[in-house]
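Me: I should like to go through the reasoning behind several labels applied to a protein model. Please set each value against its cut-off before drawing a conclusion.

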Amino acid sequence: MSSHSHETAADTDTAAEEQGATPARTKEPMPAPAATAAPIRPRDRSFYTWLLVITLLGLAWRVAYVLIWRRDMVVWGDPYFYHRGGVLLAEGRGWINPFIWDLRGTVYEAADHPPVYLLYLAGVTKVFGQSVLTHLLASTVIGAGSVYLAGLAGRQVAGKRIGLIAAVIAAVYPNMWNWDGLLLSETTAIFAVLLVIWLAYRFWRTPTLWGGAWLGAAIGFAVLTRAEVLLLSVFVVVPLVLARRIGSWKRRLGWLTMSGAACVAVLTPWVAHNLSRYDQPVLLSNGFEITLATSTCDETFYTERIGWWSLECS
């Protein structure tokens, strides 16, 4: 551009200012939103190396926790149900109540808990043995998997550094590793919910039909660890899919339908099995009744066991 044109533009702006008008300005392009400006590199060797190191350290701590403080654990209550239920399942006796079997030798169908943790312990029993310590050590592997998934989820949320920080927190946070030494389904539930979080953020970054399907399948898997996790389908998946302003409403409804179909497909075998063995409909579990029965009485309302549960209630 010549010097004459610069002077003309300057004179025009000056004249506009003298007349009280706002001089014309050239609009600068807006930067891309931060949430989508930095794509996740699928193969980041440095990130995965550090994440593996953190995961192994998390596993080492969990194993030490079990060997030092939990190896002589006496199982009762729900841990007994999971431990013995997994053993009986490995022996081919099916999904039965281990308390009634061990006390009376009677087969009594049980759906007190969803099946994932029991199925996992049955597999461990088949391969490694049926001791309480074996089941506890196997649970630490799930806990280590949760550390790894926390790293993947954090990376999807805010990048590599946050992913590694999330993994470190998951490795050392007591409210995560403590469950690995209790023989309770919370170990698998934590793993499953972190899987849902990771896939949810992957879908948010890159929404696809198959991404919705994987997210729905993960929800179904999570429900089979703890039935109440089904609420994630309403409070996470539905708003996540419908609020993603990419494509038409028809396309978004297709994502939601695919996600729901995948979730139903994962849940169907367990639900169908339950419907085939009870007189009254049982879908995911029938643990609500016993929980209500053992937590609703004077002892759990007015004594030192307030807010807890007691067999005296039932």
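The exchange below treats the chain as a whole and then some individual residues.

Me: What kind of model is this, and how many helices and strands are in the chain?

Reply: This is a predicted model. The chain contains 15 helices and zero strands. Of its 314 residues, 40% are buried. The accessible surface comes to about 18,500 Å², and 65% of that belongs to carbon and sulfur atoms.

Me: Why is Leu183 called buried?

Reply: The cut-off for buried is under 20% relative accessible area. Leu183 has a relative accessible area of 0%, and therefore Leu183 counts as buried. Leu183 is also among the residues with the most contacts inside the largest nonpolar core, together with Trp198, Leu215 and Leu267. That core has 61 residues. In soluble globular proteins, nonpolar side chains tend to be buried together.

Me: Where does Leu183 lie, and what makes its phi notable?

Reply: Leu183 lies in the loop between α9 (174–177) and α10 (186–205). Its phi is near 55 degrees, a positive value in a residue other than glycine. Most residues other than glycine have a negative phi.

Me: Which residues does Trp198 contact, leaving aside neighbours within four places in sequence?

Reply: With those neighbours left aside, Trp198 is in contact with Leu149, Leu152, Ala153 and Gln156.

Me: How do you know whether Trp69 is buried or exposed?

Reply: Exposed requires a relative accessible area over 50%. The value for Trp69 is 54%, so Trp69 is exposed. Trp69 lies in helix α3, which covers residues 45–70.

Me: What makes a nonpolar patch on the surface that includes Trp69?

Reply: The patch is formed by Trp61, Leu67, Ile68 and Trp69, which together have about 430 Å² of accessible area. Membership requires over 30% relative accessible area. Trp69, at 54%, is over that cut-off.

Me: Why is Asp102 called partly exposed?

Reply: Partly exposed lies between the buried limit of under 20% and the exposed limit of over 50%. Asp102 has 31% relative accessibility, so Asp102 counts as partly exposed. The place of Asp102 is in helix α5, residues 98–104.

Me: Which residues does Asp102 touch, not counting those up to four places away in sequence?

Reply: Asp102 touches Tyr80 and Arg84 on that count. Asp102 and Arg84 are 18 residues apart in sequence, and their C-alpha atoms are 9.0 Å apart in space.

Terms used: Residues numbered from 1 in each chain as written. Predicted model: local features only at pLDDT ≥ 70, side-chain atom pairs only at ≥ 80, totals over all residues. Heavy atoms only, no water. Helix = DSSP H or I, 4+ residues; strand = E, 2+ residues; numbered from the N terminus. Buried < 20%, exposed > 50% of the residue type's maximum accessible area, 1.4 Å probe, protein only. Areas by Shrake-Rupley, 256 points an atom, 1.4 Å probe, with all protein chains shown as cover. Core = buried A, V, L, I, M, F, W, Y, C linked by side-chain atoms within 4.5 Å. Contact = heavy atoms within 4.5 Å. Patch = residues over 30% accessible without salt bridge, like charges linked within 9 Å, V, L, I, M, F, W, Y side chains within 5 Å. Salt bridge = Lys/Arg side-chain N within 4 Å of Asp/Glu carboxyl O.
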